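Here are my notes on this one, written while clicking through the model. Have it open beside you as you read.

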Amino acid sequence: MCELLGMSANVPTDICFSFAGLMRRGGQTGPHRDGWGIAFYEGKGCRSFHDPAPSAESEIARLVSRYSIKSCTVISHIRRANRGRVSLENTHPFTRELWGRMWTFAHNGQLKGIKDRILTFYEPVGSTDSEHAFCWLLDQIRMQYPEPPKTTGGLMKLIRHLAADLGTLGVFNMLLSDGRYLWCHCATNLAWLTRKAPFGAATLLDADMSVDFSQETTPNDVVTVIATRPLTRDEAWTVMQPGQMAVFRSGALVTR
């Protein structure tokens with residue numbers, strides 16, 4: 001299965017520490033050798049990097065892990081291919097435009113029969129069931145809301161309903177964002193933690209690396225990290241339950 005990584009923060013923050021742990025699972029401490037990708041939101045823009053090579057061996061991944069790109073919302077993915085060949089177009093996360101904003105999606109799992117679902121507006125570029133699911137999901141949102149909704153309550157319910165629907169086809173662990181909100185749907189494995197004052201130290205499980213966040217942050221910072229499996233050994237992660245969705249904005253839990 002693939003692995004996911006997401007971040008939601010109230011101030012532009014780099015994800016170098018968490019990504020350094022994740023990238024080692026892509027062929028070094030884990031079997032996810034079939035490509036990786038990461039997307040950073042900057043205002044309404046989205047800067048993304050993709051590579052079909054294993055993240056543990058990728059020079060691009062090393063660059064990302066060392067270069068401090070600051071963002072309030074990040075989605076990353078390391079792939080173990082089961083549907084669709086290993087190729088650049090099949091690496092997550094995928095992005096599409098809706099309502100003048102870039103939406104980003106990454107998925108872990110298999111969805112039997114998803115390609116039987118008719119697509120109206122969005123079309124996949126690659127051959128994965130994940131990208132087809134993303135296109136179908138955005139189609140449904142666009143049909144329900146041709147224009148941006150004035151309030152978010154209905155949109156939250158719709159995305160929760162669509163995620164549950166896709167979950168009936170198989171395993172659907174998902175990260176989805178429009179740059180403001182980060183939707184996290186758990187089918188089997190997903191966990192999160194929120195770092196805020198008083199900050200402490202953390203040590204990665206997959207690499208010999210520690211950070212004292214009290215030296216890297218201000219007292220007002222709030223940063224939430226979401227991952228398929230906990231990335232650190234000395235922090236209290238909240239493990240989500242199957243079928244549960246959590247939504248974050250600016251590092252804070254909006255709804256669960």
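1. Start at W183. In this predicted model, W183 touches W103, L155, M156, I159, M174, L175, L176, S177, D178, M245, A246 and V247, leaving aside residues up to four places away in sequence.

2. One of those contacts, V247, is also the bridge partner of W183 in strand 14. Strand 8 (181-185) and strand 14 (245-249) pair in the antiparallel sense, over five bridges.

3. Zoom out to the sheet. Six strands make it up, in the order 5-6-7-8-14-15, and the sheet is open, with antiparallel pairing. Strand 5 and strand 15 (252-255) are the edges, each pairing on one side only. From one strand to the next, the twist averages 25 degrees.

4. Now look at the helices. Helix 3 (129-144) lies across strand 5, strand 6 and strand 7, running at about 15 degrees to strand 5. Helix 4 (153-167) lies across strand 6, strand 7, strand 8 and strand 14, and its angle to strand 8 is about 30 degrees.

5. What does the largest nonpolar core look like? It has 31 residues, and W103, L137, I141, L176 and W183 are those with the most contacts inside it. Two or more residues each come from strands 5, 6, 7, 8 and 14 and from helices 3 and 4. Apart from this core lies another, of 30 residues, including L5, F17, I69 and V225.

6. As background, nonpolar side chains in soluble globular proteins tend to be buried together.

Definitions and conventions. Residues numbered from 1 in each chain as written. Predicted model: local features only at pLDDT ≥ 70, side-chain atom pairs only at ≥ 80, totals over all residues. Heavy atoms only, no water. Core = buried A, V, L, I, M, F, W, Y, C linked by side-chain atoms within 4.5 Å. Buried < 20%, exposed > 50% of the residue type's maximum accessible area, 1.4 Å probe, protein only. Helix = DSSP H or I, 4+ residues; strand = E, 2+ residues; numbered from the N terminus. Contact = heavy atoms within 4.5 Å. Pairing = 2+ DSSP bridges. Axes fitted to C-alpha atoms, helices over the stretch in contact; angles between N-to-C directions.
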